[in-house]
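This briefing is meant for someone meeting the structure for the first time. Please keep the sequence and the 3D view at hand while reading the points that follow.

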Amino acid sequence: MFTTEQKKYMQRALELAKKGEGFVSPNPLVGAVVVKDGVIVGEGYHTKYGEAHAEPQALEEAGRSATGADLYVNLEPCSHYGNTPPCSLKLINSGISRVFVANQDPNPVVDGSGIEMLKARGIKVETGLLEEEGEKLNEAFFLAQREGRAFINLKSAQTLDGYLAAPGGDARWITGPEARSYGHGLRHRLDAVMVGIGTVLADNPRLTVRDYPGEKSQPARVVLDPQLRFPLETRMLKEQEAGEIFIFIGETEEILNSEEINNSEEKELKLQKLEEWKDVSLIELPLDERGYFNPVAVTKILAGLDLFSILLEGGSQINYSFQRAGLIDKYYFFLAPRLMSGSDGVPVFQGPAPGKISRIQNLKIEERKLLGEDLLLVAYPGNEEEKS
């Protein structure tokens, strides 16, 4: 259906779009290429949220050469006024004769209207060029628009026998510097890092991007803390120029009346101080009979906060609850050539396992990569029919 040349130009648009990683969310990644007589005459990509979109940048570079040219863009041009005017209107006024689109925009305020606007003004539109690649590029944005929940990426730095930490919680460092640097790159590209309160108490993490070259985007930091055990002396509160902190807690009345809480006055004071703290938001959510949050509710709240892509960094009980709920959309396993050689370390997942091999989760390996001495496996959940 599409020629090799047309695929080449769309591939270039996808490459340009990736340059916006970490800076454009909650907008999607978009790149655009203008081609005239087999020559690229204009390129652009969405560089930062609130700034110009890809198409106007490419058209500006093309100048008068845009008249009668083709434009390749990985996502349907917008048709509404937001922080910038509609890209579809700019295309109509530019003299572009044909537009190639990888994916229709699932955002309800667009959802085909941009394509229809172009067609109504006599511009030929071809859709579905490198559609699968475009879908993968904006997988978190698409999921948030279609299902109203955040896309969960599980990151696990582990021994070959499946442990995150020694029995006492020591986890520094299982993997080497190359793997840790890659993990900081993930933090830069995604919207938020999420951990359980156990990880905060054990590791006192900062959850920031440090080991990453060039301009950094600091993710929001999400902590699941049912009983409000979050310490006021944590490094997260002292970190300068870091992302916002969102702490999920049980309903206030339930926390203060819990049998696990010995000093309700102390908890009330902590609530007050955290509510007054700059860049800290407390989110109350009912607990189930086990004292846990509903993972689905967490993902929907995160999407409502425009946090579409989440890096889940543990611990093992949080990993288990999201995996069992079918909410882990992508896996990043960092495998160190090391063995715990015991049964009492901290596992990647902690909870009852299925009784039969036929019921365990199948994964589809997307990428294998050596990072120093460590092996990175990137995987997606497998389909049911792939189970043997």
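Leaving aside neighbours within four places in sequence, Lys-155 is in contact with Gly-183, Leu-311, Leu-312, Glu-313, Tyr-332 and Phe-334. The model is a predicted one, and the points below are grouped by topic, beginning with this lysine.

**A buried lysine**

- Lys-155 belongs to strand S6, which covers residues 151-159.
- Lys-155 is buried but has no salt bridge, and the nearest side chain of opposite charge, that of Glu-313, is 4.2 Å away; because a salt bridge requires a side-chain nitrogen of Lys or Arg within 4 Å of a carboxyl oxygen of Asp or Glu, that distance does not qualify.

**Aromatic pairs and a cluster**

- The structure contains eight aromatic pairs, and one of them, formed by Tyr-182 and Phe-334, is edge-to-face, with 5.8 Å from centre to centre and 65° between the planes.
- This pair links distant parts of the chain, since Tyr-182 is in helix H7 (residues 177-189) and Phe-334 is in strand S13 (residues 328-336), 152 residues apart.
- Tyr-182 counts as buried because its relative accessibility is 18%, and Phe-334, with a relative accessible area of 2%, is buried as well.
- Another edge-to-face pair is made by Phe-248 and Phe-293, whose ring centres are 6.3 Å apart and whose planes are at 65°.
- Phe-248 is part of strand S10 (residues 245-249), while Phe-293 lies in the loop between strand S11 (280-284) and helix H12 (295-304), so this pair ties together parts that are 45 residues apart in sequence.
- Both partners are buried, Phe-248 with a relative accessible area of 0% and Phe-293 with one of 9%.
- One aromatic cluster is formed by Phe-2, Tyr-9, Tyr-72 and Phe-100.

**Charges over rings**

- Tyr-182 also has a charged partner, for Arg-189 lies over the face of its ring, at 5.9 Å from the ring centre.
- The charged end of Arg-180 sits over the ring of Trp-173, at a distance of 4.5 Å from the centre of that ring.

**Helix H2 and its surroundings**

- Helix H2 spans residues 54-62, and its buried residues are Ala-54, Glu-55, Pro-56, Ala-58, Leu-59 and Ala-62.
- These buried residues of H2 pack against strand S1 (31-36), strand S2 (39-45), strand S3 (70-75) and helix H3 (87-94).
- Gly-63, placed just after H2, takes a positive phi of about 60°.

**Cis peptide bonds**

- Ser-25 and Pro-26 are joined by a cis peptide bond with an omega of about 10°, and Pro-26 is placed in the loop between helix H1 (4-18) and S1.
- A cis peptide bond also runs from Gly-314 to Gly-315, with omega near 10°, and Gly-315 is found in the loop between strand S12 (309-312) and helix H13 (316-324).

**Positive phi outside glycine**

- Asp-37, which is not a glycine, has a positive phi near 55°; this aspartate lies in the loop between S1 and S2 and is exposed, with a relative accessible area of 73%.
- Asp-279 likewise has a positive phi, of about 65°, although it is not a glycine; its place is in the loop between helix H11 (264-276) and S11, and at 36% relative accessibility Asp-279 counts as partly exposed.

Notes
Residues are numbered from 1 along each chain as its sequence is written. This is a predicted model: local features need pLDDT of at least 70, side-chain atom pairs count only at pLDDT 80 or more; totals for chains, interfaces and linings use all residues. Side-chain values use heavy atoms; hydrogens and water are left out. Helices (H or I, at least four residues) and strands (E, at least two) are DSSP runs, numbered from the N terminus. Buried means under 20% relative accessible area, exposed over 50%, partly exposed in between (1.4 Å probe, protein chains only). Lys and Arg count as positive and Asp and Glu as negative; His and the chain ends are not counted. Contact means heavy atoms within 4.5 Å. Rings of Phe, Tyr and Trp (its six-membered ring) pair if their centres lie within 6.5 Å; planes under 30 degrees apart count as stacked, over 60 as edge-to-face and the rest as tilted. A charge sits over a ring if NZ of Lys or CZ of Arg is within 6 Å of the ring centre and within 35 degrees of the ring normal.
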